[in-house]
Amino acid sequence: GANLVAAVARLASQQAHSFPMHDFVSVASACATLALQDMELMQSVAARFLTNIHEVATQELSRMCWACSKLLYLDEELQQKLAGAAVQQMAEFQPAHLANIIWSCAKLTNKSEQLIDALCGTTMGRIEEFGAQNLANTVWSIATLNFTITEKMEAFVEHSTKKIAEFGPQGLANTSWAFAKMDQKFDDLMTAISEEARAKAAEFEPQNLSNTLWAFATLRIEDEDLMWTLSGRTIEKMGECTCRDLASTCWAFARIHMQHPELVAVISASTARHMAEFEAKGLSNCAWAFSVLELQNAGLMNSLAAEVMRKITSCWAEGSAKIEDLATDLNGLTWAMDNAGVLSIELSGRILELMKGLGRAKDVEMSSPNKPPPTQIEKVSPEDHPGDAPVLRYDKPDVCCIFKPAGWEVDNQDAGGGPWMSSWLMEQFSIDDVPIVHYEEHQFGMVQRLDIPS
């Protein structure tokens with residue numbers, strides 16, 4: 001058992017130079033399987049790998065990556081060496097090795113583009129060899145790393161659809177979650193997942209349930225049979241649901257405006273009992289969902305508001321969350337309270353003061369020497385200039401109003417080939433004076449268009 005593995009691990013660490021590499025990796029894998037955190041062993045294995053990386057076989061390489069990720073063993077030099085060796089041996093890996101390595105990258109957030117590109121390219125070329133679990137693990141890993149599969153996606157989807165009967169609850173949930181995360185909707189695959197999930201609903205655990213519901217709602221697939229089948233299982237497992245499960249589930253039903261009074265009643269009751277355990281984002285999402293689903297419970301909504309504001313204030317003071325994320329949570333809460341008809345003048349005033357405080361803190365953060373590099377936007381060339389230039393109509397310290405002539409695009413997501421307003425804003429306002437217009441993640445400071453709903 002665990003005691004025996006721990007004893008062997010100590011022996012392996014003491015005799016590191018004489019212990020065969022294959023056996024060394026086997027011990028590390030056993031520790032990972034049993035969740036035995038043996039830092040001395042991992043350091044010894046890492047040292048051997050760094051010294052003899054050119055001698056490591058593909059199976060040992062794959063198992064070492066897996067062990068490091070299971071034990072969350074972070075060693076930047078080791079990760080770089082493993083990545084380099086994996087790229088060199090890519091053609092020799094079996095499907096399980098490929099899936100293990102990319103899964104390890106996701107767990108340790110190793111975003112080595114060279115490695116990920118090589119893994120994806122090799123995987124897509126050999127997709128017919130992959131089993132259900134390897135398929136699910138691979139697509140989950142790619143989505144977790146914020147990559148998107150583009151080449152040969154049809155082959156991946158077709159093979160996954162053929163293998164769907166072999167997917168277990170976690171595989172079904174992870175696959176649907178991954179495609180939703182990548183914002184890629186394939187009707188045949190999602191239909192197959194729906195049918196299989198309904199057939200296996202009794203085997204689903206709370207996390208599988210919430211991830212699947214979230215995925216279908218995110219892709220705006222209004223599959224009433226699936227949503228009601230999984231919600232029934234969710235109600236059965238309510239006592240085992242985490243705060244995240246509760247927030248994701250009610251958000252999913254609200255996202256597609258699917259009423260389910262019984263589910264909302266049990267989730268709201270559970271939320272009230274576990275409110276202190278939620279993060280601000282989860283509570284804000286619950287408030288939004290309850291409002292959209294027309295829950296008539298002013299007491300609960302006011303309790304949610306108080307707790308969200310308390311958590312936002314606490315996270316701000318601790319520096320444990322991004323200021324813009326806290327502002328987003330507060331904004332969502334404000335909308336929810338107003339939509340539910342319970343946004344009092346007193347609460348509105350407190351929310352406004354807190355939002356102003358967050359805004360001032362962000363101003364200070366963006367004015368510091370350590371601010372992130374600005375977004376690079378191409379300047380308007382003379383041949384691309386539409387003729388008329390934007391005009392600054394109204395300029396105050398915290399807000400301005402700009403007239404946009406025809407031919408200018410509001411941001412780089414709009415269709416059309418005209419110059420972007422962001423390029424004009426960057427020229428008009430320096431990064432030291434108005435930093436927000438220099439960052440795409442803040443929508444270049446643009447908050448409202450008067451010509452279209454926004």
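The lining of the second largest pocket divides into 17 nonpolar, 16 polar and ten charged residues. That is in a predicted model, which is worth keeping in mind as we go along. The pocket itself holds about 1,300 Å³ of space. It has 43 lining residues, and if you want to find its centre, look for W140, W177, Q207, N211 and R244, the closest ones. A whole run of helices gives two or more residues each: α6 (95-107), α8 (132-144), α10 (169-181), α12 (206-218), α14 (243-255), α16 (280-292), α17 (298-318) and α18. Of the contributors, α8 gives the most, with seven residues.

Now swing over to the largest pocket, with about 1,900 Å³ of space. Its lining counts 45 residues, and D398, I436, G445, M446 and V447 sit nearest the centre. The elements giving two or more residues here are α18 (323-339), α19 (345-366), β2 (400-403) and α20 (421-428). Helix α19 provides the largest share, nine residues. By class, this lining has 24 nonpolar, seven polar and 14 charged residues. Notice that α18 turns up in both stories: it gives two or more residues to the largest pocket and two or more to the second largest.

Strand β2 deserves a stop of its own. Its partner is β1 (residues 391-395), which runs antiparallel to β2 and is joined to it by four bridges. The two strands make a hairpin, with four residues between them. For a landmark on the pairing, take Y394, which stands opposite C401 in β2. A little further along the chain, in the segment after α20, you come to Q443. Its phi is near 55 degrees, a positive value in a residue other than glycine. Most residues other than glycine have a negative phi.

E294 has the same sort of backbone quirk: its phi is also positive, near 60 degrees, and E294 is not a glycine either. This one is in the loop between α16 and α17. Is E294 buried or exposed? It counts as exposed, because its relative accessibility is 55% and the cut-off for exposed is over 50%.

Next, the packing. The largest nonpolar core takes in 125 residues, and F49, L61 and F290 touch the most other members. Helix α14 supplies the largest share of this core, eight residues. Which residues does F290 contact, once neighbours within four places in sequence are set aside? They are C250, V264, I267, S268, T271, L295, L300, M301 and L304. Apart from this core there is another, of six residues, including M421, W424, L425 and V437.

What about enclosed space? A search of the whole structure turns up one cavity of 30 Å³ or more, and about 60 Å³ of space lies in it. Around the cavity you'll find C65, Q79, L82, A83, I101, S104, C105, L108, N110 and L115. Helices α5 and α6 each supply at least two residues of that lining. By class it comes out as seven nonpolar, three polar and no charged residues.

One of those lining residues, Q79, is worth a closer look. Q79 is found in helix α5 (residues 76-88). It counts as buried because its relative accessible area is 16%, and buried means under 20%. Leaving out residues up to four places away in sequence, Q79 touches C68, Y73, L108 and N110. Two of these contacts, L108 and N110, also appear among the residues lining the cavity.

Move on to the loop between α5 and α6 and you meet E92. At 52% relative accessibility, E92 counts as exposed. The C-alpha atoms of E92 and L172, 80 residues apart along the chain, are separated by 29 Å.

L172 brings us to the final stop, since L172 is one of the contacts of E196, along with I164 and A165, leaving aside neighbours within four places in sequence. You'll find E196 in helix α11 (residues 187-199). Is this glutamate buried or exposed? With a relative accessible area of 15%, E196 is buried, so it falls on the other side of the cut-offs, under 20% for buried and over 50% for exposed, from E92 at 52% and E294 at 55%.

Notes
Residues are numbered from 1 along each chain as its sequence is written. This is a predicted model: local features need pLDDT of at least 70, side-chain atom pairs count only at pLDDT 80 or more; totals for chains, interfaces and linings use all residues. Side-chain values use heavy atoms; hydrogens and water are left out. Buried means under 20% relative accessible area, exposed over 50%, partly exposed in between (1.4 Å probe, protein chains only). Contact means heavy atoms within 4.5 Å. On a 1 Å grid over the protein atoms alone, a cavity is a set of points where a 1.4 Å probe fits but cannot get out, and a pocket is an open set with protein on both sides within 12 Å along at least five of seven lines; lining residues have an atom within 4 Å of a point. Grid points are joined across faces, edges and corners, and a volume is the space filled by probe spheres set on the points. Ala, Val, Leu, Ile, Met, Phe, Trp, Tyr, Cys and Pro count as nonpolar, Asp, Glu, Lys and Arg as charged, and the others, Gly among them, as polar. A nonpolar core is a set of buried Ala, Val, Leu, Ile, Met, Phe, Trp, Tyr and Cys residues joined through side-chain atoms within 4.5 Å. Two strands pair if DSSP finds at least two bridges between them.
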